[in-house]
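Let's walk through this one together, starting with the overall picture and working down to single side chains. Have a look at the model first.

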Amino acid sequence: MTHKLLPVALLAVLLAGCKPDQQASVPAPAPAPAATPAAATPDPAIQPGVVQQTADMPQLQVQTVDGKAYDLATHRGQWVVINFWATWCAPCLQEMPELSALHAMRGNVEVVGLAYEDIELDEMQAFLKDHPVAYPIAIIDTYNPPKDFATPRGLPMTYLIAPDGKVAKQFLGPVNAHDIEQAIVTAGGKAV
């Protein structure tokens with residue numbers, strides 16, 4: 001019964017977070033507590049009220065919609081913006097052009113979009129023809145999201161990864177280039 005309610009609960013959480021007026025910045029989470037045996041650790045994806053922590057130095061390996069492999073580890077030395085979004089999320093669509101411009105104009109900042117929704121590859125490719133972006137997009141399995149990132153509490157949800165591979169900032173709600181550049185300066189990076 002719990003597994004049947006999971007998609008409904010997940011959809012309710014995502015819809016609640018996808019509001020144009022919701023722009024909150026969430027500081028990077030503290031490191032997770034010491035590991036416990038796997039059998040004693042509840043699965044946050046099926047435990048209501050359990051907040052999953054984002055790894056201090058997250059790993060991300062996905063296949064993009066254009067068939068290329070994307071590995072976050074190969075982008076060390078650059079600032080990386082990881083943006084969880086969905087085609088049905090209005091604030092997500094509003095921030096895409098600015099994130100695309102940031103990706104194209106800043107040599108040391110890269111953006112990757114993680115489509116957090118149940119959508120077929122051909123549907124996403126058609127969507128991207130109408131909403132083109134300069135950065136890579138990958139479709140994320142909502143039932144098996146990247147393990148090193150907290151399951152999005154709302155969309156859009158964006159992470160700024162520092163050149164050393166650590167999470168510098170986490171944003172809940174829409175972001176713009178100014179927000180990201182401010183976070184880079186706050187984290188010790190150079191202003192443009």
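Among contacts between residues at least 6 apart in sequence, 72% join residues at least 24 apart. Keep in mind that this is a predicted model. The protein has four helices and eight strands, and from the N terminus on they run α-β-β-β-β-α-β-α-β-β-β-α. Of its 192 residues, 41% are buried. The exposed surface comes to about 10300 Å², with carbon and sulfur atoms supplying 58% of it.

Now for the inside. In soluble globular proteins, nonpolar side chains tend to be buried together. Here the largest nonpolar core holds 47 residues, and Ile82, Phe84, Leu114, Met124 and Tyr159 have the most contacts inside it. Several elements each give at least two residues to this core, among them strand E4 (79-85), helix H3 (121-130), strand E7 (157-161) and H4. Take methionine 124 as a way in: leaving aside neighbours within four places in sequence, methionine 124 is in contact with Val65, Trp85, Thr87, Ala115, Glu117, Ile119, Ile137 and Ile139.

Next, charge. Side chains of opposite charge can pair when their charged atoms come close. How many salt bridges does the count come to? Just one salt bridge: glutamate 181 pairs with arginine 106, and their closest N and O atoms are 3.4 Å apart. This pair links distant parts of the chain, 75 residues apart, with glutamate 181 in helix H4 (177-186) and arginine 106 in the loop between helix H2 (90-105) and strand E5 (109-116). As for burial, arginine 106 has a relative accessible area of 9%, so it's buried, while glutamate 181, at 29%, counts as partly exposed.

Methods
Residues are numbered from 1 along each chain as its sequence is written. This is a predicted model: local features need pLDDT of at least 70, side-chain atom pairs count only at pLDDT 80 or more; totals for chains, interfaces and linings use all residues. Side-chain values use heavy atoms; hydrogens and water are left out. A salt bridge is a side-chain nitrogen of Lys or Arg within 4 Å of a carboxyl oxygen of Asp or Glu. Buried means under 20% relative accessible area, exposed over 50%, partly exposed in between (1.4 Å probe, protein chains only). A nonpolar core is a set of buried Ala, Val, Leu, Ile, Met, Phe, Trp, Tyr and Cys residues joined through side-chain atoms within 4.5 Å. Contact means heavy atoms within 4.5 Å. Accessible areas come from the Shrake-Rupley method with a 1.4 Å probe; for residues, only the protein chains shown count as cover.
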